[in-house]
Amino acid sequence: MQKTTFNEAQLELLRMMSLIDTPEAVSDLRQALSDYFAKKAKEEIDGLWEKGELTEEKVESFRHLHERTPYQANNGR
């Protein structure tokens, strides 16, 4: 059996999980984590914008971006 090693952040989240005892608390925690990651993403995007790595033109080019995984037909196999 493979041993799992948790980092400090994962351990802290596990400790906090012991306090979660209702579906509402789970929902609240999910929302808090979602808000945290949304804030971090916004900070990163703002940083790219300030450095000029993200521009209106680049954002507009995303509208026409098609990155789909090509799937091959199974042919009945």
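Is phenylalanine 37 buried or exposed? Phenylalanine 37 is exposed, with a relative accessible area of 54%; here buried means under 20%, exposed over 50% and partly exposed in between, using a 1.4 Å probe and protein chains only. Keep in mind that this is a predicted model, where local features need pLDDT of at least 70, side-chain atom pairs count only at pLDDT 80 or more, and totals for chains, interfaces and linings use all residues. Residues are numbered from 1 along each chain as its sequence is written, and side-chain values use heavy atoms, with hydrogens and water left out.

**The overall picture**

- The protein chain has three helices and zero strands, and from the N terminus on its elements run α-α-α. Helices (H or I, at least four residues) and strands (E, at least two) are DSSP runs, numbered from the N terminus.
- The radius of gyration of the protein chain is 21 Å, whereas a compact globule of 77 residues would come out near 11 Å. That radius is taken over C-alpha atoms, and the globule rule is 2.2 Å times the number of residues to the power 0.38.
- Along its principal axes, the C-alpha trace of the protein chain spans about 50 × 45 × 30 Å.
- Just 3% of the 77 residues in the protein chain are buried.
- About 7,700 Å² of the protein chain is exposed, and carbon and sulfur atoms supply 55% of that area. Accessible areas come from the Shrake-Rupley method with a 1.4 Å probe, and for residues only the protein chains shown count as cover.

**Helix H2 and its surroundings**

- Helix H2 covers residues 23–50. With 28 residues at 1.5 Å each, H2 should span 40 Å, and its end C-alpha atoms are indeed 40 Å apart. The expected span is 1.5 Å times one less than the number of residues in the helix.
- Aspartate 28 is found in helix H2, and this aspartate is exposed at 55% relative accessible area.
- Measure up from serine 18 to aspartate 28 and you get 10 residues in sequence, but 15 Å in space, C-alpha to C-alpha.
- Just after H2 comes glycine 52, which takes a positive phi of about 80°.

**Salt bridges**

- Here's the basic idea: side chains of opposite charge can pair when their charged atoms come close.
- The structure holds seven salt bridges. To count, a side-chain nitrogen of Lys or Arg must be within 4 Å of a carboxyl oxygen of Asp or Glu.
- Arginine 15 and glutamate 8 make one of them, at 3.2 Å from N to O. Arginine 15 is partly exposed at 45% relative accessibility, while glutamate 8 is exposed at 56%.
- That pair belongs to a bigger picture, as Glu8, Glu12 and Arg15 are linked in a network of salt bridges.
- Lysine 39 and glutamate 43 also meet in a salt bridge, at 4.0 Å from N to O. Why are these two about one helical turn apart? Because they sit four residues apart in helix H2.
- In that pair, lysine 39 is exposed at 53% relative accessible area, and glutamate 43 is partly exposed at 38%.
- Arginine 63 and glutamate 60 form another salt bridge, at 3.2 Å from N to O. Arginine 63 is exposed at 63% relative accessibility, and glutamate 60 is partly exposed at 38%.

**Aromatic rings and the nonpolar patch**

- Searching the whole structure turns up one aromatic pair. Tyrosine 36 and phenylalanine 37 form this pair edge-to-face, with 5.0 Å centre to centre and 80° between the planes.
- Rings of Phe, Tyr and Trp (its six-membered ring) pair if their centres lie within 6.5 Å; planes under 30 degrees apart count as stacked, over 60 as edge-to-face and the rest as tilted.
- Tyrosine 36 is partly exposed, with a relative accessible area of 42%.
- Both rings also join a nonpolar surface patch made of Phe6, Leu13, Leu14, Met16, Met17, Leu33, Tyr36 and Phe37, with about 720 Å² of accessible area together.- Helix H1 (8–17) and H2 are the elements that give two or more residues to the nonpolar patch, and H1 gives the most, with four residues.
- Patches are made of residues with over 30% relative accessible area and no salt bridge; like charges are joined within 9 Å, and nonpolar side chains (Val, Leu, Ile, Met, Phe, Trp, Tyr) within 5 Å.
- Leucine 33 has its place in helix H2, and this leucine is partly exposed at 32% relative accessible area.
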